[in-house]
Amino acid sequence: MKAAADVSTDTKIWKEREVQERDEKKVWSEIKLAIEELSLGSNEGDFSTLAFLGLSNLLLQVLDKIGPTMAVLRLDIQRNIERLEENNASDPSKHPTLTGIVEKEVREGTARKAESCARAILWLTRSMDFSLALLEILEKDPELSLQQVVEEAYNSTLKPWHGWISSAAFKIALKLIPERKIFTSFLMGKGQDYSMLKDEIHKLVPLLRPLLDEIHCLMKKFRLDRLKST
């Protein structure tokens, strides 16, 4: 009876701690959540599909804080996330990593098709390039307006791969970018100040950059790295 009571007590304590941790994370910033996701997501040099999807969803939340001006980019990201989610739901254990997904489509000759998961991974990675560049520029140059920060990040990451339609849509969106202070206040978690936000950006960059570089190397290996949009 005593042993059973001890197990019951341990289970109760474990559940209480789980609820407490979940409540604490509700006030975390998206950047802090991304740092945790990256810390847990690696798998012997590869990266799990689920962890990548988690990061992609956090990316959506960051773009939402810029406002409706990022609607076109947000829609593209959402579609690519849904494509990977559908693929993962069909057989989660078959291709648990990004490398497995790309290699399968290359073997089948479908990697370059418009609706391929390889393309979804490529564009989600490029969108993370954009978000990371945005955060780095935001942190390094406090004198720039948010419009200037977004434009500089776009020019160095997404613009080389966008056709004239996408580029034209982005130019229109730039005119509606909110003030820098509004965006940075939205990025902060509950109880944070700007110095804490900067510290989180400093922690995120060395964790996320190697992952993005690794995925770009994967795409280059299969000659998928030069694919463009319209």
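In the predicted model, buried residues constitute 44% of the 230 residues of the protein. The fold comprises 10 helices and two strands, and the elements follow the order α-α-β-β-α-α-α-α-α-α-α-α from the N terminus. Of the contacts with a separation of 6 or more, 75% involve residues 24 or more positions apart.

The largest nonpolar core contains 65 residues, among which M70, F130 and V150 touch the most other members. Helix α6 (residues 117–140) makes the greatest contribution to this core, supplying 15 residues. In soluble globular proteins, nonpolar side chains tend to be buried together. When neighbours within four places in sequence are set aside, V150 is in contact with I66, M70, F130, L134, F170, L174 and I177. The contact list of V150 thus includes M70 and F130, the residues named alongside V150 for touching the most other core members.

V150 also takes part in the packing of α6 with α7. Helix α7 spans residues 146–157, and its axis lies 8 Å from that of α6, at an angle of about 135°. Because this angle falls neither over 145 degrees nor within 65 to 115 degrees, α6 is classed as oblique to α7. The crossing of α6 past α7 is right-handed. On the α6 side, the contact is formed by D129, F130, A133, L134, I137 and L138; the residues that these meet in α7 are L146, V149, V150, E152, A153, Y154, S156 and T157. Classified by residue type, the contact of α6 with α7 comprises 10 nonpolar, two polar and two charged residues.

Helix α6 is also among the packing partners of helix α5. In α5 (residues 98–108), the buried positions are L98, G100, I101, V102 and E105; a charged residue, E105, is therefore included in this buried set. Besides α6, the elements against which the buried residues of α5 pack are β2 (46–47), α3 (49–66), α4 (71–90) and α10 (194–221). Immediately after α5, G109 adopts a positive phi of about 75°.

A further glycine, G189, is located in the loop between α9 (180–187) and α10. The relative accessible area of G189 is 10%, so this residue is buried, the cut-off being under 20%. The C-alpha atom of G189 is separated by 8.4 Å from that of K32, although the two residues are 157 residues apart along the chain.

Key
Residues numbered from 1 in each chain as written. Predicted model: local features only at pLDDT ≥ 70, side-chain atom pairs only at ≥ 80, totals over all residues. Heavy atoms only, no water. Core = buried A, V, L, I, M, F, W, Y, C linked by side-chain atoms within 4.5 Å. Buried < 20%, exposed > 50% of the residue type's maximum accessible area, 1.4 Å probe, protein only. Helix = DSSP H or I, 4+ residues; strand = E, 2+ residues; numbered from the N terminus. Contact = heavy atoms within 4.5 Å. Axes fitted to C-alpha atoms, helices over the stretch in contact; angles between N-to-C directions. Parallel < 35°, antiparallel > 145°, perpendicular 65-115°, else oblique. Left-handed = near helix turned anticlockwise from the far one by under 90°.
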